[in-house]
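Student: I'd like to practise reading a fold from the inside out. Could you walk me through this one?

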Amino acid sequence: MARILVVEDNALNIKLFCDLLAAHGHDARPVTDSRIALEEAKGFRPHLVITDIQLPYVSGLELIRSIRQEPELADVPIMAVTAYAGQGDDDRIRAAGAQAYVSKPISVARFVQEVSALLPKEAPVA
């Protein structure tokens, strides 16, 4: 079972993402406050981080950069999710350190496909 940290401030989105991940055999940990997301990641030791970009307090881009600076988290794949898919967003998100980017509203099939592609092959998946 892969451990996936989900950072999202919208209650409906976090439920959808966590339910989808659980249905595919993953252990999804929701974090609704971006101010504690980095500490949660350190304790949870996820195989993948999924984060919204438009978060209050600490933006998703700031969070991605912070994760990349932590030695024990630096290699964890990150998937960004955002409703604001403007020109240049993909480049900015990847430059911050994310490997994938999915726009909202999400396509369930694309979301699941991206998650599968990002999980390390050694991560146990049910």
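Tutor: Sure. Let's begin with the idea of a nonpolar core: a set of buried Ala, Val, Leu, Ile, Met, Phe, Trp, Tyr and Cys residues joined through side-chain atoms within 4.5 Å. Keep in mind that this is a predicted model.

Student: Which residues touch the most other members of the largest nonpolar core?

Tutor: That core has 22 residues, and the ones touching the most other members are Leu 5, Val 7, Ile 64, Ile 67, Ala 80 and Ile 93. As for where the core comes from, strand S1 (3–7), H2, H3, S4 and H4 each supply at least two of its residues. Apart from it lies another core, of 20 residues, which includes Met 79, Ala 100, Val 115 and Leu 118.

Student: Let me pick one residue from the first core. What is Ile 64 in contact with, leaving aside its neighbours within four places in sequence?

Tutor: Ile 64 is in contact with Thr 51, Ile 53, Ile 78, Ala 80, Ala 96, Gly 97 and Ala 98.

Student: Now the helices. How do I read which side of a helix faces inward?

Tutor: Look down the axis and see how widely the buried residues fan out. In H3 (60–69), the buried residues are Gly 60, Leu 61, Leu 63, Ile 64, Ile 67 and Arg 68. Seen down the axis, they fall within an arc of 160°, so they line one face of the helix.

Student: What covers the buried residues of H3?

Tutor: The cover includes S1, H2, S3, S4 and H4.

Student: And which residues of helix H4 are buried?

Tutor: In H4 (residues 89–96), they are Asp 89, Ile 93 and Ala 96. Their arc around the axis is only 60°, so they sit on the same side of H4. The face turned away from that buried side carries the exposed residues Asp 91 and Ala 95. Covering the buried residues of H4 are, among others, helix H3, strand S4 (78–82) and S5.

Student: How do H3 and H4 sit against each other?

Tutor: For a helix pair, you want the distance between axes and the crossing angle. Here the axes come within 8 Å and cross at roughly 25°. Angles under 35 degrees count as roughly parallel, so that makes H3 roughly parallel to H4. From H3, the contact is made by Leu 61, Ile 64, Arg 65 and Arg 68, and from H4 by Arg 92, Ile 93 and Ala 96.

Student: What comes right after H4?

Tutor: H4 is followed by Gly 97, which has a positive phi, near 130°. Then look at Gln 99, in the loop between H4 and S5. Gln 99 has a relative accessible area of 37%, so it counts as partly exposed. Setting aside neighbours within four places in sequence, Gln 99 is in contact with Arg 68, Val 76, Pro 77, Ile 78, Arg 94 and Leu 118.

Student: On to charges. How many salt bridges does the structure hold?

Tutor: The general idea is that side chains of opposite charge can pair when their charged atoms come close. This structure holds ten salt bridges. Take Lys 15 and Asp 19, whose closest N and O atoms are 2.7 Å apart. Both lie in helix H1 (residues 11–23), four residues apart, about one turn of the helix. Asp 19 is partly exposed, at 40% relative accessible area.

Student: What about a pair with a different spacing along a helix?

Tutor: Try Lys 42 and Glu 39, which meet in a salt bridge at 3.3 Å, N to O. They are three residues apart in helix H2 (residues 37–44), so about one helical turn separates them. Lys 42 is partly exposed, with a relative accessible area of 26%, whereas Glu 39 is exposed at 53%.

Student: Where do the partners Lys 104 and Asp 52 lie in the chain?

Tutor: Lys 104 forms a salt bridge with Asp 52, the closest N and O atoms being 3.4 Å apart. This pair links distant parts of the chain: Lys 104 is in the loop between strand S5 (100–103) and helix H5 (108–118), and Asp 52 is in strand S3 (residues 48–52), 52 residues apart.

Student: Are those two buried or exposed?

Tutor: Lys 104 is buried, with a relative accessible area of 17%, and Asp 52 counts as buried at 4%. There's also a third partner to look for, as Glu 8, Asp 52 and Lys 104 are linked in a network of salt bridges.

How values were computed:
Residues are numbered from 1 along each chain as its sequence is written. This is a predicted model: local features need pLDDT of at least 70, side-chain atom pairs count only at pLDDT 80 or more; totals for chains, interfaces and linings use all residues. Side-chain values use heavy atoms; hydrogens and water are left out. A salt bridge is a side-chain nitrogen of Lys or Arg within 4 Å of a carboxyl oxygen of Asp or Glu. Buried means under 20% relative accessible area, exposed over 50%, partly exposed in between (1.4 Å probe, protein chains only). The arc is that of the directions from the helix axis to the C-beta atoms. Contact means heavy atoms within 4.5 Å. Axes are lines fitted to C-alpha atoms, for helices over the stretch in contact, and angles run from 0 to 180 degrees between N-to-C directions. Angles under 35 degrees count as roughly parallel, over 145 as roughly antiparallel, 65 to 115 as roughly perpendicular and the rest as oblique.
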